[in-house]
Every structure is written in structure tokens, then in C-alpha cells.
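The exercises below are meant to be worked through with the sequence and the model side by side. Try each task before reading its solution.

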Amino acid sequence: MTDRQAPATPPPRTRSRSRSRAILQWLHLWLGLSLGTAFALVALSGTVLAFQRELALWAYPQLQRDAAITPQQRSQALQRIVGQWQSQGMTSLDLPTTQLPVWQGYFPDNERRYFDPASGELLLTRNTGNDAVLWLRDLHTHLLSGKTGEQVLGVVGLVAVFMLLSGLYLWWPRWSALAASLKWYRGPPTRRWLSWHRGLGLWLLPLTLLAALTGTAMVYDEVARNALRAAFGDGKPPKPPKLAASDQPADWDAVLRVADSAVAPGGGLAGAQLRRIGLPKSGSGLVSIRARMPAEWHPVGRSQVWIDPYRGAVIGAQDATAQGRGSRSFDAIYPLHGGFVGGRAWQIAIALTGLVPAFLLVTGFLFWRRRRGR
């Protein structure tokens, strides 16, 4: 009688690798079925928000006005809006543009008011209680819970990045099995759901990962901004000038005139478009106006004009396109995430990317349920 040869024991490194892979699979599964649900809901809301301006103009025909107004009409409208609404909490105001041809005022608690471009008459009030798109925006950015929800959203974003990268690692096949691993199957159910989950997740991984990374970076904006500045060796950014508040009234006609001169040929921001007026904060008299230079991706622009509204004088300006590469890279995060660059094609791509996490959640759940049943 011959002794049977004992099975070979896997080397310690192989056993350790198998345990690590099993732990990673467990984390990928259960994080996907739990926090992955929140990621899917936030991403779905992002699909709608990719078309938020178009939806607003469709839902509220009163916003479809003629933005071609005279400088005098613009000054009078601004004077009326600020005089009536600044004391009621308005913090900033978008100038009329061809994309949104009305004044758009920003108020606390995610409320917005819209005013006629020529007269400054109130046309519409939107908030999270009466507008589905603003409710979805609050869900997308704060999980309907203010700063606390924003921090939770940051954790969800980090988990989403982990799930995407761990899924890539768990999928990574041998070169000989690459073609088979990319194939989509119609059946049996276990193979079908796994192949669909893996296939779409892989093909759209760059876009989904970009959306998760940019969204998380906007939650941890200071960390992301400082990290990019340090990585590219940027210097310290200029600080806005200080201006004490005064009892005399602001001259809004003069504010607009000197802002126009700053973006006119020969001005400090020649070629820029004035986009958003930041009203003076408590204890300060400084008016800041956001401007968009031709090379900027951000829809509002990150360039700034700082104005003394009492004397009607520019006291500082910052060209965002002249910043270091780190700061310019950070300024590109929001336009990439929101679909504001690259025209209609990128807008549609971002909208479709918002559907991917829900697809991965459903197919991953169906695969897990079928395999568990077997």
C-alpha cells in the first residue's frame, strides 16, 4: 500500500493575498449595498441638475426676458433690487445674461429670487419648499441637512472612490482572460448580472471616477485647493482688500461704470464678462464682482473686481487665468463636475454618468442575491 501524497500547502504570501482579496470583496459588497445607495441617489439628482438652467426656463416662462437692456436701465434695476432686498438677506446677485436673462438674487436657506432685467421687478421666488430642482440641488450638495449633510456626503464620496477602485482591482484579469472578462452575457442570471455590473462599470469608470473625485474635492475644498497649490508650487493667493463700512449710500451706477471699465479694452480684466455682484458683508463696505475671462471654464468665473461703492473706484482686481496651475486646476473642478465645459456633448456625458451608480447598485444587488440563493 502506497502512502498518498499530502496536498501542497500554499505559501504564506499566497494565503495572505487570498485573505486580503476576500476582505476587499466583502468591503466592496457591503459598502456598495449600504452607502452605495446614497451615492446612487446623489448621482441621479446630478443627472437632473446637469440641465437645471434649461429646466428653470422651461418651468417658469416669466424668466424668458430680453437681456439686452441699456446701461441706465441696468443701473436703475440694480439700485431698486439692492435697496429693497439687501436688508432681507440677499447676499449676491447674478447679472442678466443670454443664458439666464434675468437678475438672480441669492438668499439664506437656498432661496432665490428673480427680477426683471430692465425694471428690477420681482418675477419669481424659488426655494427648496416650492421647487423640485432646488430640492434636488440641496439633496445633491447637502443631503438636505446643511453642513452636517455635506460632511456625510464627503464620506459617501470617499467610499464611492474606494468602491470604484476596488472594483477595478477585483476585476483585473490575466491578459489571456481579458476578452472573456469584458463580454456581456444574457444568461444564466448570476453570470448576466455580474457581466453587466462589471462591463458597464469598467467602460464608464473614467467618467464615474471623475464625478466622484470632483464631487468629493468640492466638499473638502480647502484641503483640495491647498493640496493642488502645494503640488504645483503655487504662491500664496492674493487677499481681497479691506474697506470699512460707511453711513453714506452706495452709488450703484458708479459701481457698474467702473466695473465695466475694468473689463473693457485696456482694463485689468479686458475681455471678461461681469457675472455676479457680491454685496458688502457685515462691517464691510467692499463690493466684489465675479467676472469670467474668455479662457475660464467656470460659468460665473473666478476672476474678481473689488470696488469701493462710496467713491465708485476699483481698488483691486484678480485675473484667475494668471494664477498658478494648482489654483487653475482647482477652479476647473466645478465646471467639470457640473457639465459646464465642453458644450452640449459634455453636459450629456455628465448627465448619463449620473445614471451609472444606480445601475451598478441594482446589478450588484441582483448578482449578490442570485449567488446567495444558489
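## Exercise 1: Backbone in the loops

Leu 143 lies in the loop that runs between helix 5 (132-142) and helix 6 (146-171). The model is a predicted one, and the task is to describe the backbone at Leu 143 and then at Asp 109.

**Solution.** Begin with Leu 143, whose phi is near 50°, a positive value in a residue other than glycine. Turn next to Asp 109, which is placed in the loop between strand 2 (103-107) and strand 3 (111-115). The phi of Asp 109 is near 60°, and this too is a positive value in a residue other than glycine. As a last step, consider the surroundings of Asp 109: its relative accessible area is 69%, and because exposed means over 50%, Asp 109 counts as exposed.

## Exercise 2: The chain as a whole

Describe the protein chain in terms of its helices and strands, its radius of gyration and its burial.

**Solution.** Start with the secondary structure, where the protein chain has 15 helices and 8 strands. Next, set the radius of gyration of the protein chain, 26 Å, against the value near 21 Å that a compact globule of 374 residues would have. The spans of the C-alpha trace along its principal axes can be put beside this, and they are about 110 × 45 × 35 Å. For burial, 44% of the 374 residues count as buried, while the surface that the protein chain exposes amounts to about 20800 Å², with carbon and sulfur atoms supplying 59% of it. Finally, consider the contacts between residues at least 6 apart in sequence, of which 58% join residues at least 24 apart.

## Exercise 3: Charges and salt bridges

How many positive and negative side chains does the protein chain have, and how far apart do the centres of the two sets lie? Then examine the salt bridges of Arg 74, Asp 131 and Arg 225.

**Solution.** The count gives 42 positive and 22 negative side chains, and the centres of the two sets lie 19 Å apart. A search of the whole structure finds 11 salt bridges, and three of them are taken in turn here.

1. Arg 74 and Asp 260 meet through their side chains in a salt bridge, with 2.4 Å from N to O. This pair links distant parts of the chain, with Arg 74 in helix 4 (residues 71-85) and Asp 260 in helix 11 (residues 252-263), 186 residues apart. Arg 74 counts as buried because its relative accessibility is 15%, whereas Asp 260, at 28%, counts as partly exposed.
2. Asp 131 forms a salt bridge with Arg 126, and the closest N and O atoms are 2.9 Å apart. Both Asp 131 and Arg 126 are buried.
3. Arg 225 and Glu 222 form a salt bridge at 2.8 Å, N to O, and both lie in helix 10 (residues 221-232), where they are 3 residues apart, about one turn of the helix. Arg 225 counts as buried at 17% relative accessibility, while Glu 222 is partly exposed at 46%.

## Exercise 4: From helix 4 to helix 11

Which residues is Ser 75 in contact with, once its neighbours within four places in sequence are left aside?

**Solution.** First place Ser 75, which is in helix 4 and counts as buried, its relative accessibility being 8%. With those neighbours left aside, Ser 75 is in contact with Asp 253 and Leu 256. Now follow Asp 253, which is found in helix 11 and counts as partly exposed at 31% relative accessibility. Asp 253 and Thr 190 are 63 residues apart in sequence, yet 68 Å separate their C-alpha atoms in space.

## Exercise 5: Sequence and space at Leu 360

Is Leu 360 buried or exposed, and which residues does Leu 360 touch beyond those up to four places away in sequence?

**Solution.** Leu 360 is found in helix 15 (residues 356-373). Its relative accessibility is 15%, and since buried means under 20%, Leu 360 counts as buried. Not counting residues up to four places away in sequence, Leu 360 touches Leu 164, His 197 and Gly 201. A final step concerns Gly 199, which is 161 residues from Leu 360 in sequence and 9.9 Å from it in space, C-alpha to C-alpha.

Terms used. Residues numbered from 1 in each chain as written. Predicted model: local features only at pLDDT ≥ 70, side-chain atom pairs only at ≥ 80, totals over all residues. Heavy atoms only, no water. Helix = DSSP H or I, 4+ residues; strand = E, 2+ residues; numbered from the N terminus. Rg over C-alpha atoms; globule rule 2.2 N^0.38 Å. Buried < 20%, exposed > 50% of the residue type's maximum accessible area, 1.4 Å probe, protein only. Contact = heavy atoms within 4.5 Å. Areas by Shrake-Rupley, 256 points an atom, 1.4 Å probe, with all protein chains shown as cover. Lys, Arg positive; Asp, Glu negative; His and termini not counted. Charge placed at Lys NZ, Arg CZ, Asp CG, Glu CD. Salt bridge = Lys/Arg side-chain N within 4 Å of Asp/Glu carboxyl O.
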